[in-house]
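Colleague: Hi! Could you walk me through this model while I have it open? I'd like to go piece by piece.

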Amino acid sequence: RYSSEGRGGGQWVTCELESKELMAICLKRVHGLDKVKLLDASFLWTEPHSKRLKVKLAVRKELFSGVVLQQQVVVEFVVKNHYCKNCHMHAAQIDWSSVVQVRQKVDHKRTFYLLEQLILKHKAHTHTVQVKEVPDGVDFYFLHHRFAQRFAHFVLGQVPSRLTSTSEKVYSVDLNNNKASAKQATAVEIVPLCKDDLLCLSKRSSGSLGSIGPVVVCTGITSNVKLIDPITMRMGDLRPDAFFKDRPSPLMSAHQATEYTVLDSEPTGVSSQGGEFDQAEVTLARSADLGVNDAVCTCTTHLGRYLRAGDLVLGYDVANANLSADL
């Protein structure tokens with residue numbers, strides 16, 4: 001590979017001897033070509049092991065009115081071996097220079113499964129050199145800082161999250177050139193919520209969303225947390241910065257849901273904004289209690305469009321749940 005800018009700078013290009021790409025790199029290193037007209041350029045044969053490249057140039061320049069000077073010159077280039085930055089880091093056993101630590105403190109990995117699919121869809125993992133699973137999250141290692149910053153901003157734009165900290169550790173110092181190399185770590189925290197979680201909002205968060213709730217259901221995860229109040233059918237988007245101010249924890253998650261059988265469903269005629277959900281009054285019986293007792297319950301749901309008599313549905317038994325929030 002040859003450096004397009006010389007002295008190890010610029011971009012490293014793979015070229016064959018006497019190729020057009022190598023000729024273009026050599027012509028960039030010839031000073032004064034912008035002041036003359038280049039007529040022809042060709043390689044002269046040299047020993048492959050001589051570390052020499054000879055280029056024959058034919059140039060023309062008009063000196064005075066009607067006086068044109070044409071000349072052929074031979075320019076000799078010396079090929080010097082040089083390590084690129086990646087090779088230097090590999091020789092020094094430095095496999096990465098920046099890491100993005102993505103964390104979510106929950107007892108399930110559903111949000112990480114969503115993030116994994118988004119990363120694969122948008123090919124955001126192209127520049128990763130290593131991916132390591134750790135407790136409460138995943139570490140993504142990169143060879144350059146700019147790739148890590150680009151990945152961190154990608155995560156912030158796809159799931160509700162925030163940058164918690166950025167730290168650096170110097171591993172080499174060049175006092176002659178006043179340069180230092182450091183490893184950088186960026187921590188990203190994802191909100192501990194997932195789709196179908198039951199959430200109790202604070203007064204401030206409820207007021208900022210148009211006084212919905214305070215008990216709401218999470219209907220989706222994007223860059224914000226999508227919420228719906230099944231009683232009023234009002235919806236809102238909880239932004240990550242608003243979430244981390246109050247840090248409302250989920251009352252119940254999907255793994256705590258109980259299976260019910262729908263006995264009857266009566267639409268109320270109320271729909272959410274945009275018509276995504278329809279409200280209904282449903283009569284339910286716990287599936288495990290069918291044939292054992294006649295206990296039934298009636299509740300309001302935002303899934304009236306999808307529920308029919310005889311369907312099985314997962315729901316939260318809030319009446320018998322041990323909740324930390326004061327409802």
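Modeller: Happy to, and keep in mind that this is a predicted model. Let's begin with a charged pair: Arg103 forms a salt bridge with Asp139.

Colleague: How far apart are the closest N and O atoms of Arg103 and Asp139?

Modeller: They are 2.9 Å apart. Arg103 belongs to strand 6 and Asp139 to strand 8, so the salt bridge ties together parts that are 36 residues apart in sequence.

Colleague: And how many salt bridges does a search of the whole structure find?

Modeller: It finds eleven.

Colleague: Back to those two strands. In which sense do strand 6 and strand 8 pair?

Modeller: Strand 6, residues 98–103, pairs with strand 8, residues 137–142, in the antiparallel sense over six bridges. If you want one to click on, Val100 has Phe140 in strand 8 as its bridge partner.

Colleague: What order do the strands of that open sheet follow?

Modeller: The order is 7-8-6-10-9, five strands with mixed pairing. Strand 7 (128–134) and strand 9 (161–174) are the edge strands, each pairing on one side only. On average, neighbouring strands here are turned by 15° against each other, ignoring direction.

Colleague: Which strands does helix 4 touch when it packs on the sheet?

Modeller: Helix 4, residues 145–158, touches strand 6, strand 8, strand 9 and strand 10 (179–190). The direction of helix 4 makes about 10° with that of strand 10.

Colleague: How are strand 9 and strand 10 connected, and what's in the turn?

Modeller: They form a hairpin with four residues between them, and Asn178 in the turn has a positive phi of about 55°. The two strands pair in the antiparallel sense over twelve bridges; one of the partnerships is Ser165 with Ala187 in strand 10.

Colleague: Switching to helices. At what angle do helix 3 and helix 4 pack?

Modeller: About 120°, with the axes of helix 3 (residues 110–122) and helix 4 11 Å apart. That angle makes helix 3 oblique to helix 4. Helix 3 passes helix 4 in a right-handed crossing.

Colleague: Which residues make the contact?

Modeller: From helix 3 they are Leu115, Leu118, Ile119 and His122, and from helix 4 they are Phe151, Phe154, Val155 and Gln158.

Colleague: How do the residues of that contact divide into nonpolar, polar and charged?

Modeller: Six are nonpolar, two are polar and none is charged.

Colleague: Now for the three-strand open sheet. What's its order?

Modeller: It runs 3-4-5 with antiparallel pairing. Strand 3 (37–44) and strand 5 (67–78) are at the edges with a single partner strand each, so one side of each has no neighbour in the sheet. Neighbouring strands of this sheet are turned by 20° against each other on average, direction ignored.

Colleague: Which helix packs on this sheet?

Modeller: Helix 1, residues 20–28, touching strand 3, strand 4 and strand 5. Its direction makes about 120° with that of strand 3.

Colleague: And how many bridges join strand 4 and strand 5?

Modeller: Twelve, with strand 4 spanning residues 52–64. Lys61, for example, has Leu69 in strand 5 as its bridge partner, and Leu53 stands opposite Phe77. In their hairpin, two residues lie between the strands, and Gly66 takes a positive phi near 85°.

Colleague: Last one: over how many bridges do strand 3 and strand 4 pair?

Modeller: Seven, in the antiparallel sense. Asp40 and its bridge partner Ala58 in strand 4 are a good pair to look up.

Note on methods
Residues numbered from 1 in each chain as written. Predicted model: local features only at pLDDT ≥ 70, side-chain atom pairs only at ≥ 80, totals over all residues. Heavy atoms only, no water. Pairing = 2+ DSSP bridges. Axes fitted to C-alpha atoms, helices over the stretch in contact; angles between N-to-C directions. Contact = heavy atoms within 4.5 Å. Parallel < 35°, antiparallel > 145°, perpendicular 65-115°, else oblique. Left-handed = near helix turned anticlockwise from the far one by under 90°. Nonpolar A, V, L, I, M, F, W, Y, C, P; charged D, E, K, R; others polar. Salt bridge = Lys/Arg side-chain N within 4 Å of Asp/Glu carboxyl O.
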